[in-house]
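Colleague: Before I work with these coordinates, I should like to put several questions to you. Please give the reasoning behind each answer.

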Amino acid sequence: MDARPSRPPPAHIGFADADAPVQALAGLPGMLPGLPGGARPAAATQPAASAPAAPVPTKAAPATETLAARTGALVNEVDFPGFVAQLVHGTFDAIVDASIRQMESYADLLAAVAMTTEQFTERNVTPDQARDWLAQRHPGDVALLLPRGTDEVAVGAQLAPRTEGASPAWLAEYGLEGQELTAEILEQQVLPQVRNKVGSERLQLLSTMVTLGLNRVAVKDGSVSAKVMFRAAAKDASNVQYAQSPDGSAGGASNWGTRGNNAYAGVQTLVQTVSVNAQSSTDLRADLFGEVKLNFVSETLPLDKLTDPVQRNLIQRHAVRGATAPVAAAPALPAPVATPGAR
């Protein structure tokens with residue numbers, strides 16, 4: 001017989017109170033809210049802190065119900081009549097502006113060619129342009145000195161002979177034949193004549209162009225078209241999935257609640273899953289199209305419709321001033337006198 005004293009049986013087998021299972025379940029990871037143990041004991045014992053009440057979310061109207069209102073707002077925002085008006089006004093304003101600019105250019109050209117040679121030269125040919133023309137016409141005899149210092153800039157560009165004591169033959173064109181070419185002669189006597197000569201050549205060229213007629217570009221025909229396209233689409237979709245499944249391992253030997261002790265009844269876990277997928281989408285689109293087609297035509301305006309007879313005669317004289325005179329016919333030789341007896 002065993003002399004060792006027998007141990008007293010335990011006073012209580014299991015959990016000490018009714019909350020012990022809840023405390024045990026609370027330590028399991030991944031517990032679902034609403035199940036026993038889903039909340040921490042510490043959170044249950046501590047008082048909840050005061051927090052502002054969250055706003056109650058309002059239920060949004062379905063997209064299919066708000067589609068008409070959104071489409072109407074888009075139509076008002078596009079303002080298609082205003083778009084068409086701007087397209088038409090812009091097209092015609094551009095045509096009228098182009099015509100006005102052409103007529104203003106023609107008027108300026110006619111006013112320029114109707115001047116005298118001295119007036120045209122004074123307004124359209126500068127002394128520096130005449131210096132450039134003379135230096136390019138006679139590069140071997142005339143040099144153009146450009147200003148480099150402060151004093152020279154105030155004076156401007158000057159003409160100077162390349163060689164001293166030279167008397168080129170082209171001085172005869174300006175009535176200075178046989179004179180020595182100096183800077184004073186170039187600036188004081190040759191330069192004014194060169195300026196008038198350049199002005200006369202330009203006036204003659206413009207006058208000849210005007211007498212041939214003025215070219216004008218006009219709109220022959222065309223079309224203006226505008227189009228707007230609206231597209232609206234709405235879609236509402238809702239999908240709800242519900243699943244309920246018990247834990248198949250409850251009551252078995254591998255259940256965690258019955259490991260090592262068969263005194264506890266099997267624990268069965270019921271899992272419920274709800275999945276809600278709600279989608280609402282609205283697609284609005286507006287496309288504006290504007291197209292302008294213009295066909296241009298070129299026409300010639302005769303001079304007699306733009307000027308009076310006095311201006312027209314003056315322009316024609318400027319145009320033929322540089323024309324070469326026709327060569328005179330050679331005089332006819334006298335006929336030989338017949339002598340008696342000559343054969």
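The exchange below concerns a predicted model.

Colleague: Is Thr 91 buried or exposed?

Modeller: Thr 91 lies in helix H4, which covers residues 80-113. Its relative accessible area is 11%. Buried means under 20%, so Thr 91 is buried.

Colleague: Which backbone oxygen does the side chain of Thr 91 reach?

Modeller: Beyond four places away in sequence, Thr 91 touches Val 224, Val 292 and Leu 294. Its side chain also reaches a backbone oxygen at 2.8 Å, and that oxygen belongs to Leu 87.

Colleague: How far apart are the end C-alpha atoms of helix H8, and what span should its 30 residues have?

Modeller: Helix H8 runs over residues 183-212. The expected span is 1.5 Å times one less than the number of residues, and therefore H8 should span 44 Å. The end C-alpha atoms agree with this, being 42 Å apart.

Colleague: Where does H8 bend by about 45°, and which proline follows?

Modeller: The bend of about 45° is at Val 190, a residue that is among the buried ones of H8. Within four residues comes the proline, Pro 192.

Colleague: Which helix gives the most to the largest nonpolar core?

Modeller: This core has 17 residues, and those touching the most other members are Leu 134, Trp 170, Tyr 174, Leu 186, Val 190 and Val 194. At least two residues come from each of helix H6 (127-137) and H8. With 6 residues, the helix that gives the most is H8.

Colleague: Which residues does Leu 134 touch, not counting residues up to four places away in sequence?

Modeller: In soluble globular proteins, nonpolar side chains tend to be buried together. Leu 134 belongs to the largest nonpolar core. The residues it touches are Leu 159, Trp 170, Tyr 174, Leu 186, Val 190 and Val 194.

Colleague: How many residues are in the second, separate core?

Modeller: Its members include Leu 110, Ala 112, Val 210 and Leu 214. Of these, Val 210 is also listed among the buried residues of H8. The second core has 12 residues.

Colleague: What is the length of the polar contact between the side chains of Ser 298 and Asn 215?

Modeller: Ser 298 is in strand S4 (residues 270-301) and is partly exposed, with a relative accessible area of 49%. Although 83 residues separate Ser 298 and Asn 215 along the chain, their C-alpha atoms are 6.8 Å apart. Leaving aside neighbours within four places in sequence, Ser 298 contacts Asn 215 and Arg 216. The polar contact joining the side chains of Ser 298 and Asn 215 is 2.5 Å.

Methods. Residues are numbered from 1 along each chain as its sequence is written. This is a predicted model: local features need pLDDT of at least 70, side-chain atom pairs count only at pLDDT 80 or more; totals for chains, interfaces and linings use all residues. Side-chain values use heavy atoms; hydrogens and water are left out. Buried means under 20% relative accessible area, exposed over 50%, partly exposed in between (1.4 Å probe, protein chains only). A polar contact is a pair of N or O atoms within 3.5 Å; within protein, one must be able to donate a hydrogen and the other to accept it, and residues adjacent in sequence count only if both atoms are side-chain atoms. Contact means heavy atoms within 4.5 Å. The bend at a residue is the angle between axes fitted to the seven residues ending there and the seven starting there. A nonpolar core is a set of buried Ala, Val, Leu, Ile, Met, Phe, Trp, Tyr and Cys residues joined through side-chain atoms within 4.5 Å.
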